[in-house]
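This note sets out some points on the ligand site and the pockets, for a colleague who has the model open. Comments are given point by point.

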Amino acid sequence: MRIGILGAGNVGSALGRLWSAKGHQVVFGKRGASNAEATAAAEVVVLSVPWPAAEEAVRSAGALAGKVLIDCTNPLSPDLKGLTVGLTTSAGEQVAAWAPSAKVVKAFNTIGAVNFGNARFGDQLADGYYCGDDAGAKSMAKQLIEDAGMTPVDVGPLRNARLLEPLAMLWIDLAVNQKQGANHAFKLLRR
Ligand SMILES: NC(=O)c1ccc[n+]([C@@H]2O[C@H](COP(=O)([O-])OP(=O)(O)OC[C@H]3O[C@@H](n4cnc5c(N)ncnc54)[C@H](OP(=O)(O)O)[C@@H]3O)[C@@H](O)[C@H]2O)c1
């Protein structure tokens, strides 16, 4: 896949490295004009900027019509103790409102980036939860979650980003506020 990544920090650089190793073509955007250059030829655009920068990054990304837009953000409060968006909407839905003709999938937000490519816990592989409203976009996101070394788990429509973002907050609270570090991940058990 041709992938344009907006935000080359912990999340974007780790995913870009893993996807490049799997043979995907990855271009990184930086603030301003290069965001549009990164997305021009991309079929998948990845939003991996801090939440306060998200609207500007989406709006500077040029025409996103028909592209898959994977939103990895979490709308964190500055003290990392809560979310600034939630319950009746989500960052994922807000991103979709800024890019109404893109096919938005929420993914990669419920596990710390240090675990990307290092998501095996004993004999279990961490889950990579994703949600969205477009089946084709979700199938591309599913492949990219596998290519980043996690078990993809479809959790439904984009509105379920309202559930994934608080789940991410739990991961962060354990890691930061409860000082447990980054060596934990979520796994959905079924029978
Ligand atoms: N860290 C994690 O473990 C983790 C896991 C899952 C999800 N998330 C979420 O993923 C997002 C990114 O997290 P992160 O830890 O990767 O952040 P980060 O390390 O701070 O990196 C953010 C990157 O975005 C860039 N950026 C800022 N504004 C931009 C813009 N307008 N256009 C293009 N690039 C821009 C920054 O560039 P500059 O250096 O120039 O500012 C930086 O390279 C956040 O919303 C976070 O909540 C994080």
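1. For the classes used below, Ala, Val, Leu, Ile, Met, Phe, Trp, Tyr, Cys and Pro count as nonpolar, Asp, Glu, Lys and Arg as charged, and the others, Gly among them, as polar. The coordinates under review are those of a predicted model. In that scheme, the shell around the ligand holds twelve nonpolar, nine polar and three charged residues.

2. The shell should be examined residue by residue. It comprises 24 residues around the ligand, and those that come nearest are Val11, Arg31, Val49, Glu56 and Ala113. Two helices, H1 (10–21) and H3 (51–59), each supply at least two residues of this shell. The largest share comes from H3, which gives four residues.

3. Polar contacts with the ligand deserve separate mention. A polar side-chain atom of Glu56 lies 2.7 Å from a nitrogen atom of the ligand. In the side chain of Asn35, an N or O atom is 3.0 Å from a ligand nitrogen atom. At Ala8 the partner is a polar backbone atom, 3.4 Å from an oxygen atom of the ligand. As for burial, the ligand on its own has 900 Å² of accessible area, of which the protein covers 74%.

4. Which pocket does the ligand take up? The space taken by the ligand is the largest pocket. About 650 Å³ of space lies in this pocket. Its lining is made up of 28 residues, with Asn10, Val11, Cys72, Asn74 and Leu76 nearest the centre. Val11 is thus named both here and among the residues that come nearest to the ligand.

5. The lining of the largest pocket draws at least two residues from each of H1, H3 and helix H6 (161–177). H6 gives the most, with five residues. By class, this lining divides into 19 nonpolar, nine polar and no charged residues, whereas the shell around the ligand includes three charged residues.

6. The second largest pocket should be described alongside the first. About 220 Å³ of space lies in the second largest pocket. It is lined by 13 residues, and Gly7, Lys30, Arg31, Val49 and Ala53 are the closest to its centre. Arg31 and Val49 of that group also belong to the residues that come nearest to the ligand.

7. Which helix gives the largest share of the lining of the second largest pocket? That helix is H3, with three residues. The lining of the second largest pocket has six nonpolar, four polar and three charged residues.

Technical notes. Residues are numbered from 1 along each chain as its sequence is written. This is a predicted model: local features need pLDDT of at least 70, side-chain atom pairs count only at pLDDT 80 or more; totals for chains, interfaces and linings use all residues. Side-chain values use heavy atoms; hydrogens and water are left out. A residue is near a molecule or strand if one of its heavy atoms lies within 4 Å of it. A polar contact is a pair of N or O atoms within 3.5 Å; within protein, one must be able to donate a hydrogen and the other to accept it, and residues adjacent in sequence count only if both atoms are side-chain atoms. Accessible areas come from the Shrake-Rupley method with a 1.4 Å probe; for residues, only the protein chains shown count as cover. On a 1 Å grid over the protein atoms alone, a cavity is a set of points where a 1.4 Å probe fits but cannot get out, and a pocket is an open set with protein on both sides within 12 Å along at least five of seven lines; lining residues have an atom within 4 Å of a point. A molecule sits in a cavity or pocket if more than half of its atoms lie within 2 Å of its grid points. Grid points are joined across faces, edges and corners, and a volume is the space filled by probe spheres set on the points.
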